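Hi everyone, thanks for coming. Have the picture ready in front of you, and we will walk through it together.

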Amino acid sequence: MKSNFDNVSFDCSAKVTKAYSTSFSSAVKMLAPSIRQDIYNIYGFVRFADEIVDSFHDYDKEILFAQFENDLALALSQKISLNPILNSFQHTVHNYNIPNELIEAFMKSMKLDLHKTKYNTVEEYNEYIYGSADVVGLMCLKVFVNGNDKKFIELKDSAMRLGSAFQKVNFLRDLKADFEDLSRTYFPNTDLNQLDEQSKQEIIADIESDFEAAFEGIKNLPLEAKFGVYTAYRYYRKLLIKLQKTPSLEIKNTRIRVSDYQKVELLARCYVKYRLNII
């Protein structure tokens, strides 16, 4: 029975999420059970695509990505794939009518990472972030609103701004790895060899603007999604605060993280606010 294979596929997507991101996995656990698996399915898909372009240095990444792209197209058209991650993803895509243009935009940005190492203009930067992060937020939003198109349109901008904020925080946190290991520079008009406090604070101010816009949407999310998304939001805000307090030279030389103790404390605070309905 295909249902057995689907369940195995769902387990794979959940395990990928837990293996690659303990913080995001913790936030997903705060979502309602009815939508939790579908967010695992989306994350598993974007994680695998990202791994191809970021991690498989001993293999021909272009061939691997082309194969993944072809398998994705077949999964979406045939509604099945022997790749369990793609099988899970296509299930969610069809169940929530996720538009193909969102998937195409994501794959376009991932493909850029195969060869593009520098973003010279704000336009290039924004286009990359739209494809690599904003559309992922929109995919998740399609799950959260569950067919309510009016709600989707209402929350669309906030979901994109939250995706942008998360991605930009990741860029700032991962400066060392992106620059030294992958020779990538995402922030336009910024010399990472001479990153100073002024440049860092300008980046942080831009991220703060995204977070402020995103929070307005979080307050109006369906109950099934609000606690989990708010938890992820608070985690990334905490990480941004740590980055703001960290000297720019240290950011370039180490990876800033939120301790496990701080994560537990943050989760408890989020839960209290959620239960008191003061989000």
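Let me begin with a word I will use a lot: a residue is buried under 20% relative accessible area, exposed over 50%, and partly exposed in between, using a 1.4 Å probe and protein chains only. Before we use it, please keep in mind that this is a predicted model, where local features need pLDDT of at least 70, side-chain atom pairs count only at pLDDT 80 or more, and totals for chains, interfaces and linings use all residues. Residues are numbered from 1 along each chain as its sequence is written, and side-chain values use heavy atoms, with hydrogens and water left out.

Let's start with the whole chain. How many helices and strands does the protein chain have? There are 13 helices and 0 strands, where helices (H or I, at least four residues) and strands (E, at least two) are DSSP runs, numbered from the N terminus. Read from the N terminus, the order of elements is therefore simply α-α-α-α-α-α-α-α-α-α-α-α-α. The radius of gyration is 18 Å, close to the 19 Å from the globule rule for 279 residues, so the chain is as compact as a globular protein of that length. For that comparison, the radius is taken over C-alpha atoms, and the rule is 2.2 Å times the number of residues to the power 0.38. Along its principal axes, the C-alpha trace spans about 60 × 50 × 35 Å.

Now, inside and outside. Of the 279 residues, 52% count as buried. The accessible surface of the chain is about 13,900 Å², and 51% of that belongs to carbon and sulfur atoms; these areas come from the Shrake-Rupley method with a 1.4 Å probe, and for residues only the protein chains shown count as cover. Next, contacts, meaning heavy atoms within 4.5 Å. Among contacts between residues at least 6 apart in sequence, 69% join residues at least 24 apart.

Let's zoom in on isoleucine 39, in helix H3, which covers residues 33–55. Is isoleucine 39 buried or exposed? With 3% relative accessibility, isoleucine 39 counts as buried. Leaving out residues up to four places away in sequence, isoleucine 39 touches Phe24, Val28, Leu31, Cys140, Val143 and Phe144. By contrast, glutamate 212 is 173 residues from isoleucine 39 in sequence and 23 Å away in space, C-alpha to C-alpha.

Serine 55 is also found in helix H3. Serine 55 is partly exposed, at a relative accessible area of 33%. Its C-alpha is 15 Å from that of valine 16, with their positions 39 residues apart in sequence.

Moving along the chain, aspartate 71 is found in helix H4, residues 61–78. Aspartate 71 has a relative accessible area of 25%, which makes it partly exposed. Leucine 86 is 15 residues away from aspartate 71 in sequence, and their C-alpha atoms are 7.8 Å apart.

Further on we meet glutamine 244, in helix H11, residues 223–245. Glutamine 244 is partly exposed, at 33% relative accessibility. Setting aside residues up to four places away in sequence, glutamine 244 touches Lys200, Gln201 and Ile204.

Now for two loops. Most residues other than glycine have a negative phi. Which value does asparagine 97 have for phi? It is near 50°, a positive value in a residue other than glycine. Asparagine 97 lies in the loop between helix H5 (84–96) and helix H6 (100–112), and counts as exposed at 57% relative accessibility. Asparagine 146 also has a positive phi, of about 50°. Asparagine 146 lies in the loop between helix H7 (122–145) and helix H8 (149–173), and at 56% relative accessibility asparagine 146 counts as exposed.

Last topic: cysteines. A disulfide is a covalent bond between the sulfur atoms of two cysteines. Here, a disulfide is counted when a pair of cysteine sulfur atoms is within 2.5 Å, and the count comes to 0. For cysteine 12, the nearest cysteine sulfur is that of cysteine 140, 19 Å away. Cysteine 270 is in no disulfide either, as its nearest cysteine sulfur, again that of cysteine 140, is 18 Å away. Cysteine 12 is partly exposed at 27% relative accessible area, whereas cysteine 270 is buried at 0%.

That is my tour, and thanks for listening!
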